[in-house]
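Visitor: Could you take me closely through a single part of this model, residue by residue where that helps? I would like one connected account rather than a list.

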Amino acid sequence: MDHTNKPQQNKFGNWIKTSITARMLMVGFLVIILLIPLAFINDLISERSRRQQDVVHEINDKWGNNVMVFGPILKLPYKTYSETKTYNEKTKTYLTETKTEINYAYIFPESLQAEADVNSKTLKRGNFESAVYTTNMNFSGHYIKPQLQLKDIKDADIIWDKASIIIKTSNLKGIKNEVNLKLNDSSYKFETNFTDNANHYAGNLDELESGFLKEKDVPKSEAISFSFSMAFNGSQDLQIIPIGKTTTMTMASNWADPSFIGNFLPNDETKAISKDGFEAQWKILHINRAFSQQYLNQVPNLNQYAFGTKFMVMVDEYQKSERSAKYGFLVIGLTFLVFFLIQTLSKISIHPFQYLMIGLALTMFYTLLVSISEHSNFLKAYLVAGISVIMLITIYSKSILKTMKFPLFIALSLTALYTFIYVIIQLENYALLVGSIGLFLILASVMFVSRKIDWNND
């Protein structure tokens with residue numbers, strides 16, 4: 001019987017138990033193993049976040065999607081002429097044929113004033129919610145006589161009695177009222193008008209068009225005033241395109257967390273935001289945007305010049321949970337480092353299985369955080385998950401370390417670490433600065449404590 005392997009096995013087993021290098025390798029290996037459940041937790045958070053977005057889209061689709069208004073636009077038909085010459089062999093002469101075609105000019109108003117009164121609220125489905133609103137929008141302004149001679153179009157070629165007004169919007173489904181346009185003393189109703197966007201408009205907006213305007217309501221020689229109202233059920237955002245030579249908009253809402261979006265911001269001097277809502281005013285001149293007041297043949301896509309307000313639920317619990325989970329590797333690594341230092345300095349034996357149990361307890365923090373935050377706010381979920389995990393690890397550490405001072409130190413260390421991570425999550429502009437300073441202090445502490453370790457015992 002060969003007894004040579006037994007001393008070697010005993011020597012290897014003793015090295016595993018007593019060597020600092022062996023402990024470090026074991027702890028590092030366990031940290032890498034625990035990245036597997038952390039990856040699954042990140043997938044879970046992403047899946048729940050996608051589910052939230054699906055529910056939000058479903059709520060918005062049924063209530064009404066984002067609102068963008070592009071109009072009113074004066075649509076003027078005009079005649080164009082083309083000549084074709086045909087040679088006659090018998091008479092040895094050319095026959096000239098004149099062909100008349102109808103094209104359209106699109107005229108933007110000289111001034112456009114918009115007033116939006118927005119009543120916002122949140123709709124919930126299960127654990128998810130979406131911000132929706134109801135808005136009443138009043139538009140007014142005036143047209144002046146089109147300067148189509150600048151486009152080589154004579155007044156005699158304009159078909160004034162076939163003129164109409166068009167309004168484009170992104171949310172036909174959300175319109176809550178009949179749209180009636182007033183020109184001077186006349187009233188005109190609108191009907192939906194399907195157009196081939198590929199040929200007429202590339203902005204992917206639906207179109208409303210009035211009936212033909214009366215001759216007295218067309219700006220042939222003098223300015224014509226207009227006004228109309230539109231009420232919408234909408235969500236996400238509310239925007240208009242500044243097609244007036246001078247465009248002004250005022251918006252008031254009970255929404256306390258507006259995000260002003262688009263190509264133009266409201267006037268800082270008149271903007272007011274409080275816990276009860278906000279008021280904002282915009283004024284855009286024609287020299288502030290790069291498009292003209294009249295176009296031939298098609299309406300251009302001007303969506304990029306839209307401006308307005310975004311109504312969103314600002315607190316995204318899943319985004320915060322995802323940011324928190326990104327620090328999982330740091331939490332597990334530093335916690336294992338604390339146990340490693342305690343084990344090394346106090347000569348207390350900690351089995352790899354016990355390290356594994358502590359690591360799994362740390363990963364449970366994130367599943368608790370996500371599940372509780374779906375039924376409460378993020379702070380309460382963070383407190384409950386953090387306290388639960390810290391208490392669990394502290395009690396478990398008492399049974400391992402056989403003394404109370406080390407478990408208390410571990411509890412204080414985990415409390416400081418989770419508090420540090422929570423502060424970083426809440427910060428935006430200073431997250432990198434605070435995180436860097438915190439990690440520097442942690443490294444300095446580890447260096448200070450580890451100086452007492454006899455690294456020759458490997």
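Guide: A nonpolar core is here a set of buried Ala, Val, Leu, Ile, Met, Phe, Trp, Tyr and Cys residues joined through side-chain atoms within 4.5 Å. In this predicted model, the largest such core has 63 residues, and those with the most contacts inside it are Phe-70, Leu-76, Leu-238, Met-251 and Trp-282. Strand β1, residues 67–88, gives the most to this core, with eight residues. Trp-282, leaving aside residues up to four places away in sequence, touches Thr-247, Thr-248, Met-249, Met-251, Phe-260, Phe-264, Leu-265, Pro-266, Phe-307, Gly-308 and Thr-309. A second, separate core of 52 residues includes Ile-45, Val-331, Ile-350 and Tyr-355.

Two of these names, Val-331 and Tyr-355, lead on to a pair of helices. The axes of helix α5 (residues 328–346) and helix α6 (residues 352–373) come within 10 Å and cross at roughly 150 degrees; angles over 145 degrees count as roughly antiparallel, and α5 and α6 are therefore roughly antiparallel to each other. The crossing of α5 past α6 is right-handed. On the α5 side, the contact is made by Gly-328, Val-331, Ile-332, Thr-335, Phe-336, Phe-339, Phe-340 and Gln-343, while α6 brings Tyr-355, Ile-358, Gly-359, Leu-362, Thr-363 and Tyr-366. Sorted by class, this contact of α5 with α6 holds nine nonpolar, five polar and no charged residues.

Thr-363, found in helix α6, has a relative accessible area of 5% and is therefore buried. Beyond residues up to four places away in sequence, Thr-363 touches Leu-34, Pro-37, Leu-38, Ile-41 and Ile-332.

Key:
Residues numbered from 1 in each chain as written. Predicted model: local features only at pLDDT ≥ 70, side-chain atom pairs only at ≥ 80, totals over all residues. Heavy atoms only, no water. Axes fitted to C-alpha atoms, helices over the stretch in contact; angles between N-to-C directions. Helix = DSSP H or I, 4+ residues; strand = E, 2+ residues; numbered from the N terminus. Parallel < 35°, antiparallel > 145°, perpendicular 65-115°, else oblique. Left-handed = near helix turned anticlockwise from the far one by under 90°. Contact = heavy atoms within 4.5 Å. Nonpolar A, V, L, I, M, F, W, Y, C, P; charged D, E, K, R; others polar. Buried < 20%, exposed > 50% of the residue type's maximum accessible area, 1.4 Å probe, protein only.
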